[in-house]
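Thanks for coming, everyone. Today I would like to walk you through the pockets of one protein model, so please have a look at the structure before I go on.

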Amino acid sequence: MKDLNFAVPQLINEDVKDYRKNSDERIEVEKTYDLMFNQNIKIPLYIGDEEIYTEERKEINPPHDNKKVVGSFSVCNEQHVHEAINNSLSVKNEWTSTPWQKRASIFLKAAELIAGPYRSRINAATMIGQSKTIFQAEIDAACELVDFLKLNIVYMNEIYHEQPITVGEVSNRLEYRPLEGFVYAITPFNFTAIGGNLCASAALMGNVVLWKPSDHQVYSAKVIMDVFKEAGLPNGVINLVTGDPVMITEIALKNKNLSGIHFTGSTDVFKSLWSKVGANINLYRDYPRIVGETGGKDFIFSHPSADSKIVSTAIVRGGFEYQGQKCSAASRIYIPNSKSNEIIQNLKEQISTITLGSPRNFKHFMTAVIHENSFDKIVSYIESARDSEDAKIIIGGDYDKSEGFFVSPTVILTTNPNFITMEKEIFGPVVTIFIYDDNNWKDTLKIVDNTSIYALTGAFISQDKDSIDYALKTLRYSAGNFYINDKPSGAVVGQQPFGGSRGSGTNDKAGSKLNLLRWVSPRLIKENFNPPTDYPYPYME
Ligand code: NAD
């Protein structure tokens, strides 16, 4: 596909590197990790051409080594937030009128930098700051971010080429204008790629962005800002502020020029943003676009025909990778009575081989959970299962925060399909199993549909084609990403556009054309080549 002098990239995903012992990439990332772990980095605010190092600072502590200080980030005040918004608005006209091919080439360059010279840096920052194993960092910070940056250019090109028909003496065209004000991107701790994408997708479509990353993703956010700068993104197009999320949000949401919110995070925070926008609606020039991908209570349903090993592997990978801190992580599991012993036995065997520790030690499948609040919340769910008559802990249940926030992979068995850990998002390495009577598998699907407020991801595992068709119908609105004979996590940009409905978000499918459409406000332009010169119509003769 060619347009003017710009060839859009191919729809191909970034290759995931192996990081085998003694491989070049392994040696490189180990070296970079050690350097970044000990360099005591100071992270500024990024406002226009200024990098501001505030006096008030917050420490960055790796979750797996929670007393170690690897650096600090700047805490902004109210004035900084106003400045960041005003600065973005001051560069808006220039960015908006920058040809789309040039915008695309900047983000393409950013993708190349991440895939190449910045790969080990962005992976190491994600391992240190967010406690991801090298594999989890690679598929997120390197590959998924590269995919977002590249493939969004393909989708942007498709959008721009979608035009109305032109007939007779009239020419019609749609001009895909960026939104008139600024976009506020608020991003979570758990995916470096989401941090980069939520600001870059809106900026790619010609918007200016105020980016507020999570306090627990600032190290890798800094690498992303370095990449954007080196790629040639003009100052001010994306300004980054860190600090009190309530204060920053209060100011952004009271600004008349707010045209959009691009949020990923928990459901309660998203609801609070939505109600604040509602309360402030008379302040704005636009109706702000509100895009939010939020929590999940993702299920695996094993049909009686399913292969037990496939089910237990989907539970282990889907439930415990990245310590269960993916919005798509499996956390409620439905298994048939006839296979329950076999599945649980397989689970015990697989989980007994899992070790937890620092991501710097490559043998670990799991590391620590993100911070103390999260650790304490997960522990309270584990203890509520220990104390309940409806549930028992059959695997794991141990935890220790003395050096890092470590929670061992935990499996709860419940007799109550509405037990608290079947309903609430825990965001940790805890899955709960409910055993159903084989003959009731159809009724149990109705329970799956009704149990939680969320509808993000779900998996149905079965060797029986008819049962798959039945599940697809019954669970039509239970998940925005529905997986058959697979785990419910691990969506790949361009292959499985991601998002859910109900309490899980606005389902605008990050990494697809649907999402990019939210960041434009099309103007229809009709040109008449032969305008009439008198008003009567023929029927009036
Ligand atoms: P979080 O809601 O605590 O924080 C998300 C962002 O909101 C952060 O930048 C945070 O600083 C900010 N924030 C927190 N409180 C705020 C407030 N009162 N006002 C304004 N901003 C506020 O979420 P998290 O712990 O960083 O991430 C985990 C959550 O994100 C989980 O619920 C998970 O399911 C969800 N998530 C969803 C998806 C998805 O695609 N559906 C993807 C990743 C994460």
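I will take two pockets in turn, and please keep in mind that this is a predicted model.

Let me begin with the largest pocket, which holds about 1,200 Å³ of space. It is lined by 41 residues, and the ones closest to its centre are Phe189, Gly265, Ser266, Val269 and His371. If you look for the elements that give two or more residues to this lining, you will find helix H8 (245–253), strand E12 (258–264), helix H9 (267–279) and helix H12 (372–386), and of these H9 gives the most, with six residues. In character, the lining of the largest pocket divides into 15 nonpolar, 17 polar and nine charged residues.

Where does the largest pocket lie with respect to domain 1 and domain 2? Domain 1 (24–294 + 505–525) and domain 2 (298–484) both give residues to its lining, so the largest pocket lies between them.

Now to the second largest pocket, whose volume is about 730 Å³. Its lining is made up of 40 residues, with Glu144, Phe191, Gly490, Ala491 and Val492 nearest the centre. Helix H5 (134–161), helix H6 (192–204), E12 and strand E13 (289–293) each supply at least two residues here, and H5 gives the most, with six. This lining divides into 19 nonpolar, 12 polar and nine charged residues.

As for its place in the model, the second largest pocket also takes lining residues from both domain 1 and domain 2, and therefore lies between them.

Methods. Residues numbered from 1 in each chain as written. Predicted model: local features only at pLDDT ≥ 70, side-chain atom pairs only at ≥ 80, totals over all residues. Heavy atoms only, no water. 1 Å grid on protein atoms, 1.4 Å probe; cavity = no way out; pocket = protein on both sides within 12 Å on 5 of 7 lines; lining within 4 Å. Points joined across faces, edges and corners; volume = space filled by probe spheres on them. Helix = DSSP H or I, 4+ residues; strand = E, 2+ residues; numbered from the N terminus. Nonpolar A, V, L, I, M, F, W, Y, C, P; charged D, E, K, R; others polar. Domains from an automatic or database assignment.
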